[in-house]
Amino acid sequence: MNKITDISELEKKAKEIRRGIIEEVYSAKSGHPGGSLSIADVMTVLYFNEMNIDETNPKWEDRDRLVLSKGHCSPVLYSCLAERGFFDKENLKNFRKIDSNLQGHPDMNKVPGVDMTSGSLGQGLSVANGMAIAGKLDNKNYRVYAILGDGEIEEGQIWEAAMASSKYKLDNLCVIIDKNNLQIDGKTEDIMSSAPLDEKFKSFGFDVIEIDGNNILEIMKALAKAKITKNKPTCIIARTTKGKGVSFMEDKAEWHGKAPNEEQYNQAIEDLK
Amino acid sequence: MLDKKIATRQSYGEALKELGQKNENVVVLDADLSTATKTEIFAKEFPDRFFDMGIAEQNMMATAAGLATCGKIPYASSFAVFAAGRAYDQIRNSICYPKLNVKICATHAGITVGEDGATHQMLEDISMMRTLPNMTVISPSDDTQTRWVVEEISKIQGPVYVRLCRLSTPVIYDNTQKFEIGKAIQIGEGTDATIFATGVTVSEAIKAKEQLDAEGINVRVIDMHTIKPIDKDMIIKCAKETKRLISVEDHNIIGGLGSAISEVLTENCPCKLERMGINDCFGKSGKAEELIKYYKIGYEAIIEKVKDKN
């Protein structure tokens, strides 16, 4: 599949990805729409513009890799993989159902295109480090992307891993934080503030880029800069809106892990036209 | 036999260096304990394939998982209490569930750690590790077996937990001994009792057997080096052939070797198993040899147990 470079085409694609998220969560009657919708634009740019991947050869050794550390946002990953042709889009309706390969949280052994199993928060950056170190050992040119939630980084292991990313000068690693400011119990600034986030990652040795994470062009520019940054890892702080694109879900913590009813589903699909 | 002594952690470090020469996909991670776990021996030979992750075991385990997704064979080491305990969730969710090819080689297991005391004496690791699906659990008893284990596990796909010790213990086997994962080793043909042992207690059991033999009490020792998958056939065979069954381990009697044997007996040939081990308590400081006596897992205690009801 050819990469999409046109911004309005990518914006259209992002809407398609969001519709997939809603279909999945509505079919399953459970799941996590809020954080899937907030990171949908970043994921769209990665899967349709940026990453070197091959849907006909999911385990291609030289492919770029993505670790969805905030694994509960599996709907956005599955939607991207289906849209990219790793599997049939019809399968999205089986999300979270018994006998489905689309588990509540991503399983690398069940879903083509999933590079790492995830679900227990805080572990994905370490895994991404391992992939990036392996790339350096083997003189490969692939890049590794780690998608973290801004609530997730309350896990101490993230900071253990951040020290290691920097120690091993993993310039083939790009961390993207979905900074939607909400977590299950409320606002991250009230639950456990990570501010100042940019200074924290800078002091851990990262090149930090802060962007509007729901703006396709800004995402593309940030990823391009990350690629040419040498000797240090990059952290993109993507300021996003939780539930982005669905009017009644936007900026509402209650939509972290809840499925829409029929009326809400119809409204969501209308919003995403 | 039993005259030469070496700690299995030392055997591990030396074997790891040899394996590194044979297999360039082998990489080693440690958490600031390489001088104690002996991974420093590998590190000196292969600095580019050695990663000291600092005092951060959780990060180490998940990094090993990431390396494994790219075809590397990571050996991750720390003390058992930190490897299995502190990083349990990482081992569960990022290694065992995705069935990644990570070899966790944990040293300083059991009360034989000695003077460091309870916080550093891991007595629950066999229990925790063997309940994890996809995990293989091995507890080698001597130098020869440990060297074999280190290379053998590189040939099997999937996670392995290897339980190693700080204390220098007797060399039991010579190089002609054949080992197989999942196949216990029977030492002696005695029918008065079977003594199942694993890790450091195997040489204690053999010492007990030698003294009992001299007194006309004929026991056999079973070296249960693989805890999972457990050798059911050997357990059933001994249950049928011997009058009494005893297990002895440097581990909590809850969840360890004795429990694993009990599970097999219950389903296949219900009979009594007398479990020796750490009786559901934490350890304490002292010399390893003193602690072996204090917690009654040494040869004297085994002899006493056998004679007690004989």
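This briefing walks through the two chains, the contact between them, a few helices and some backbone details. The model is a predicted one. Chain A has 10 helices and seven strands, while chain B has 13 helices and 14 strands. Where the chains meet, 21 residues of chain A are in contact with 21 residues of chain B.

**Chain A as a whole**

- The radius of gyration of chain A is 17 Å, close to the 19 Å that the globule rule gives for 273 residues, so chain A is as compact as a globular protein of that length.
- Measured out along the principal axes, its C-alpha atoms occupy a box of roughly 50 × 45 × 35 Å.
- Buried residues account for 52% of the 273 residues of chain A.
- If you take the contacts in chain A between residues at least 6 apart in sequence, 75% of them link residues at least 24 apart.

**Chain B as a whole**

- Chain B has a radius of gyration of 18 Å, which agrees with the value near 19 Å for a compact globule of 310 residues.
- The box filled by the C-alpha atoms of chain B is roughly 55 × 40 × 40 Å along the principal axes.
- Of the 310 residues in chain B, 57% are buried.
- Among contacts in chain B with a separation of 6 or more, 80% come from residues 24 or more positions apart.

**Where the chains meet**

- Helix 5 and helix 6 of chain A each give at least two residues to the side of chain A that touches chain B.
- The largest share of that side, eight residues, belongs to helix 5 of chain A.
- By class, the residues on the side of chain A that touches chain B are 10 nonpolar, nine polar and two charged.

**Helix 6 of chain A**

- Helix 6 of chain A covers residues 156-167, and its 12 residues reach 17 Å from first C-alpha to last, close to the 16 Å expected at 1.5 Å a residue.
- Its buried residues are A:Gln157, A:Ile158, A:Glu160, A:Ala161, A:Ala162, A:Ala164 and A:Ser165.
- Those buried residues pack against elements of both chains: helix 5 (124-137), strand 2 (144-149), strand 3 (173-179) and helix 8 (197-203) of chain A, along with helix 4 (57-69) of chain B.
- Just past the end of helix 6 of chain A, A:Lys169 adopts a positive phi of about 50°.

**Helix 4 of chain A**

- Helix 4 of chain A (residues 74-83) has nine of its 10 residues buried, so it is largely enclosed by the rest of the structure.
- The buried set runs through A:Ser74, A:Pro75, A:Val76, A:Leu77, A:Tyr78, A:Ser79, A:Cys80, A:Leu81 and A:Ala82.
- Their cover includes helix 1 (7-28), helix 2 (33-38), helix 3 (40-50) and strand 1 (65-68) of chain A.
- Just after helix 4 of chain A comes A:Gly85, with a positive phi of about 95°.

**A helix pair in chain B**

- Helix 4 of chain B and helix 6 (residues 88-96) of chain B have axes that come within 9 Å and cross at roughly 10°.
- The two helices are therefore roughly parallel to each other.
- On the helix 4 side of this contact in chain B are B:Gln58, B:Met61, B:Ala62 and B:Ala65, which meet B:Gln90, B:Ile91, B:Ser94 and B:Ile95 of helix 6.
- This contact is made up of five nonpolar and three polar residues, with no charged ones.

**Backbone details to look at**

- Most residues other than glycine have a negative phi, and most peptide bonds are trans.
- A:Ala195 and A:Pro196 are joined by a cis peptide bond with omega about -5°, and A:Pro196 sits in the loop between helix 7 (188-192) and helix 8 of chain A.
- B:Lys228 and B:Pro229 also share a cis peptide bond, with omega about 0°; B:Pro229 is in the loop between strand 12 (226-228) and helix 10 (232-241) of chain B.
- B:Lys38, although not a glycine, has a positive phi of about 75°, and its loop lies between helix 2 (34-37) and helix 3 (40-45) of chain B.
- B:Lys38 counts as buried because it has 26 C-beta neighbours inside 10 Å.
- B:Lys99 is a residue other than glycine with a positive phi, near 55°, in the loop between helix 6 and strand 5 (103-107) of chain B.
- With 17 C-beta neighbours inside 10 Å, B:Lys99 counts as partly exposed.

How values were computed
Residues are numbered from 1 along each chain as its sequence is written. Chains are lettered from A and ligands numbered from 1 in the order in which they are written. This is a predicted model: local features need pLDDT of at least 70, side-chain atom pairs count only at pLDDT 80 or more; totals for chains, interfaces and linings use all residues. Helices (H or I, at least four residues) and strands (E, at least two) are DSSP runs, numbered from the N terminus. The expected span of a helix is 1.5 Å times one less than its number of residues. A residue is buried if 20 or more other C-beta atoms lie within 10 Å of its own, exposed if 12 or fewer, and partly exposed in between; C-beta atoms are placed from the backbone. Two residues are in contact if their C-beta atoms, placed from the backbone, lie within 7 Å. Ala, Val, Leu, Ile, Met, Phe, Trp, Tyr, Cys and Pro count as nonpolar, Asp, Glu, Lys and Arg as charged, and the others, Gly among them, as polar. The radius of gyration is taken over C-alpha atoms; the globule rule is 2.2 Å times the number of residues to the power 0.38. Axes are lines fitted to C-alpha atoms, for helices over the stretch in contact, and angles run from 0 to 180 degrees between N-to-C directions. Angles under 35 degrees count as roughly parallel, over 145 as roughly antiparallel, 65 to 115 as roughly perpendicular and the rest as oblique.
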